[in-house]
Structure formats: structure tokens, C-alpha cells
Amino acid sequence: CLVGNAQMAIVWLKVYQRTQDARFLNAALKMLDQVKQTQDLSSGNAGIRGGVAGSFPVWGPYLRLAYPNWAAKFFADALMLQEILMEPLESSRQLEIGT
């Protein structure tokens, strides 16, 4: 259930935000990478291109052969939260490297 994966990534990111426990950040980043891998970015169908299916594979049991709008919404929410939480980490890493 890709919708659930995106939602779970949001939960893990919020737990990381409160606890600073990197295990939750790591789990969320891995989950989001898996959802990204399922996106069809080259479909000729504009209604599918870049969307997030209900299940992986798309013929799986949750919303079989469907690309629900809320899947993309939760995925976008997770990606925006990821960006917010990663910015301080990336900034401090650049300072360590000296770039």
C-alpha cells in the first residue's frame, strides 16, 4: 500500500523531529525512496505520469489499478517534511566539509 507507506514516512519523520532519533529518519528516507522507485515518470498518460499508485504492483489489492489523488498528496507532504528536516543536516555537513 503505497499510500500507507507515504503516511508511515510522515509519522516516522515527525517522530524524528521530536526525538532526534536517526533510526526514524533513516526508515522514513528508505520508505520514500521505495515509493519514488514505483513512480512512472515516463508514461504517455498524463493522468498516470508522476502519480503514486494505490498498491505496488499497481494490480495489488489496495485500490487495484488506481492512482488515487491522496497518494500523491501524502507523498508530497512527506517529501516537503523531509526537505525541512534534512536542510539543517545538509547545512552542517557542508560546514564540516568546508564547502
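Okay, one definition before anything else: when I say helix, I mean a DSSP run of H or I at least four residues long, and helices are numbered from the N terminus. And this is a predicted model, so keep that in mind throughout.

Let's start with the overall picture. We have three helices and zero strands, and reading along the sequence you get α-α-α. If you put a box around the C-alpha atoms along the principal axes, that box is roughly 45 × 25 × 15 Å. The protein has 99 residues, and 30% of them count as buried. On the surface side, the accessible area comes to about 6500 Å², with 57% of that belonging to carbon and sulfur atoms. One more global number for you: take the contacts with a sequence separation of 6 or more, and 48% of them are between residues 24 or more positions apart.

Now, the inside. In soluble globular proteins, nonpolar side chains tend to be buried together. So what does the largest nonpolar core look like here? It has 21 residues, and the ones with the most contacts inside it are Ala9, Leu13, Leu32, Val52 and Phe75. Helix H1, which is 2-19, helix H2, 22-38, and helix H3, 69-97, each supply at least two residues of this core. H1 gives the most, with seven residues.

Let me zoom in on Val52, since that's one of the well-connected ones. Ignore the neighbours within four places in sequence, and Val52 still contacts Leu2, Val35, Gln39, Tyr67, Pro68, Ala71, Ala72 and Phe75. Phe75, by the way, shows up in the list of most-connected core residues too.

Back to H1 for a second. It's 18 residues long, and from the first C-alpha to the last it reaches 25 Å, close to the 26 Å you'd expect at 1.5 Å a residue. Which residues of H1 are buried? They're Leu2, Val3, Ala6, Ala9, Ile10, Leu13 and Tyr16. They cover an arc of only 150° around the axis, so they sit on the same side of H1. Then right after H1 comes Gln20, and its phi is positive, near 60°.

Okay, charges. Side chains of opposite charge can pair when their charged atoms come close. How many salt bridges does the structure hold? It holds three. I'll go through them in sequence order.

Number one is Arg23 with Asp21, at 2.6 Å, N to O. Arg23 has 64% relative accessibility, and the cut-off for exposed is over 50%, so Arg23 counts as exposed.

Next up, Asp33 and Lys36, at 3.7 Å, N to O. Both are in helix H2, and because they're three residues apart, they are separated by about one helical turn. Asp33 is partly exposed at 38% relative accessibility, and Lys36 is partly exposed as well, with a relative accessible area of 35%.

And then Asp77 with Lys73, at 2.3 Å, N to O. Those two are in helix H3, four residues apart, again about one turn. Asp77 comes out partly exposed at 26%, and Lys73 is partly exposed at 44%.

Last stop, the loop between H2 and H3, where I'd like to show you some backbone geometry. Where is the cis peptide bond? It joins Phe56 and Pro57, and omega is about -5°. Pro57 lies in that loop between H2 and H3.

The loop also holds Leu63 and Leu65. What's up with their phi values? Leu63 has phi near 45°, which is positive in a residue other than glycine. Leu65 does that too, with phi near 60°. Are these two buried or exposed? Leu63 is partly exposed, with a relative accessible area of 30%, while Leu65 is exposed, with a relative accessible area of 60%.

So, to wrap up: three helices, a largest nonpolar core of 21 residues, three salt bridges, and an H2–H3 loop that includes Pro57, Leu63 and Leu65. That's it from me, happy to scroll around the model if anyone wants a look.

Note on methods
Residues are numbered from 1 along each chain as its sequence is written. This is a predicted model: local features need pLDDT of at least 70, side-chain atom pairs count only at pLDDT 80 or more; totals for chains, interfaces and linings use all residues. Side-chain values use heavy atoms; hydrogens and water are left out. A nonpolar core is a set of buried Ala, Val, Leu, Ile, Met, Phe, Trp, Tyr and Cys residues joined through side-chain atoms within 4.5 Å. Buried means under 20% relative accessible area, exposed over 50%, partly exposed in between (1.4 Å probe, protein chains only). Contact means heavy atoms within 4.5 Å. The expected span of a helix is 1.5 Å times one less than its number of residues. The arc is that of the directions from the helix axis to the C-beta atoms. A salt bridge is a side-chain nitrogen of Lys or Arg within 4 Å of a carboxyl oxygen of Asp or Glu. Accessible areas come from the Shrake-Rupley method with a 1.4 Å probe; for residues, only the protein chains shown count as cover.
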